[in-house]
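The following account leads through a single protein chain, moving from one element to the next. Please keep the sequence and the structure in view while reading.

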Amino acid sequence: MMKQFISFITLFTLIICGIPEIFGETCQKPEVIASAYITEDATILTNVAFTTQFVLKCSNGIKGITLYAEVDGKSLPAARLSSDNKYQVSWTEDIKKVHSGDYNIKLYDEERYAAIRKALRNGEDSNNVKPLAVVVLNNPGIYRGPWINSELLAVLLAALVSYSAFSSKFKLLA
């Protein structure tokens, strides 16, 4: 009997400490420390990869919450990398749609994400749902190659040298 009681208390403690969302606890005063990677050289690519890793710190010490992200209207899951609230959000974008500047990655917990889905289902504006936190990813721009290809430049220089050589020859012979 005592063994069962200790097992029950242990299981109950694990549930309370390990799964805060069941009991309605949310992250209070979230603080995000982020780093990012963006494909910079797109000379032979069709898509640009965006990746951001971040650590979410809550003032009430909540860990292990499920997060969702939204970037330019696209919903993405935030992958949990470790138990110390380290997450990653990654996506790809067509080169023609990529812009330089800031990308706002809005982070939502399950409760807020459910509110967004409900608003979209009801035809309401989902911008009324406040995100848990926003990570700003700055894209300085991508290199798409030189303005003039080296082959075209070589042909133009060869044509210029040939023209100047023939015109000099004709002036000397005339």
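N85 is located in the loop that connects strand 5 (79-82) with strand 6 (86-94). The model is a predicted one, and in it N85 has a positive phi of about 60° although it is not a glycine. Is N85 buried or exposed? With a relative accessibility of 2%, N85 counts as buried, because the limit for a buried residue is under 20% relative accessible area. The loop belongs to a hairpin: strand 5 and strand 6 form it, with three residues between them. Three bridges join these two strands, which run antiparallel. Within this pairing, A79 stands opposite Q88 of strand 6.

A second residue with a positive phi offers a counterpart to N85. K29, which is also not a glycine, has a phi near 45°. Its place is in the loop between helix 1 (2-18) and strand 1 (31-38). Here the relative accessibility is 70%, and K29 therefore counts as exposed.

It is useful at this point to set these loops in the overall order of the chain. The protein has three helices and eight strands, and along the sequence they follow the pattern α-β-β-β-β-β-β-β-α-β-α. Of the 174 residues in the protein, 26% are buried. Among contacts between residues at least 6 apart in sequence, 66% join residues at least 24 apart.

Strand 6 also has a partner other than strand 5. Nine bridges join strand 2 to strand 6, and this pair is antiparallel; V55, for instance, has K86 in strand 6 as its bridge partner. The two faces of strand 6 differ in their surroundings: Y87, V89, W91 and E93 make up a covered face, whereas K86, Q88, S90, T92 and D94 make up an uncovered one.

In strand 2 (residues 47-57), T52 deserves attention. T52 counts as buried because its relative accessibility is 1%. The side chain of T52 reaches the backbone oxygen of S35 at 3.0 Å. Apart from residues up to four places away in sequence, T52 touches A34, S35, A36, Y87, Q88, V89, I105, V135 and L137.

V89 also serves as a reference point for V71, a residue of strand 3. V71 and V89 are 18 residues apart in sequence, and their C-alpha atoms are 9.9 Å apart in space. V71 has a relative accessible area of 1% and is therefore buried. Residues up to four places away in sequence being left out, V71 touches L76, W91, Y103, N104 and I105.

Strand 3 leads to an open sheet. Four strands form this sheet in the order 4-3-7-8, and the pairing is antiparallel. Strand 4 (74-77) and strand 8 (133-139) are the edge strands, since each pairs on one side only. Neighbouring strands of the sheet are turned by 30° against each other on average, direction ignored. Strands of a sheet pair through backbone hydrogen bonds, in either a parallel or an antiparallel manner. Inside this sheet, four bridges join strand 3 (residues 67-71) to strand 7 (residues 101-109), and the two run antiparallel. A69 stands opposite L107 of strand 7 in this pair. Helix 2 (residues 110-121) packs on the sheet, where it touches strand 3, strand 4 and strand 7; the direction of helix 2 makes about 105° with that of strand 7.

D109 is a further residue of strand 7. At a relative accessibility of 5%, D109 counts as buried. With neighbours within four places in sequence left aside, D109 is in contact with T26, T66, L67, Y68 and L132.

Strand 7 and helix 2 meet again in the description of the largest pocket. How much space lies in the largest pocket? The space amounts to about 170 Å³. The residues that line the largest pocket are E70, G73, S75, K106, Y108, Y113, I116, L120, S126, N127, V129 and P131. Strand 7 and helix 2 are the elements that give two or more residues to this lining. Helix 2 provides the largest share of the lining, three residues.

Definitions and conventions
Residues numbered from 1 in each chain as written. Predicted model: local features only at pLDDT ≥ 70, side-chain atom pairs only at ≥ 80, totals over all residues. Heavy atoms only, no water. Buried < 20%, exposed > 50% of the residue type's maximum accessible area, 1.4 Å probe, protein only. Polar contact = N/O pair within 3.5 Å; in protein donor to acceptor, adjacent residues only side chain to side chain. Contact = heavy atoms within 4.5 Å. Pairing = 2+ DSSP bridges. Axes fitted to C-alpha atoms, helices over the stretch in contact; angles between N-to-C directions. 1 Å grid on protein atoms, 1.4 Å probe; cavity = no way out; pocket = protein on both sides within 12 Å on 5 of 7 lines; lining within 4 Å. Points joined across faces, edges and corners; volume = space filled by probe spheres on them.
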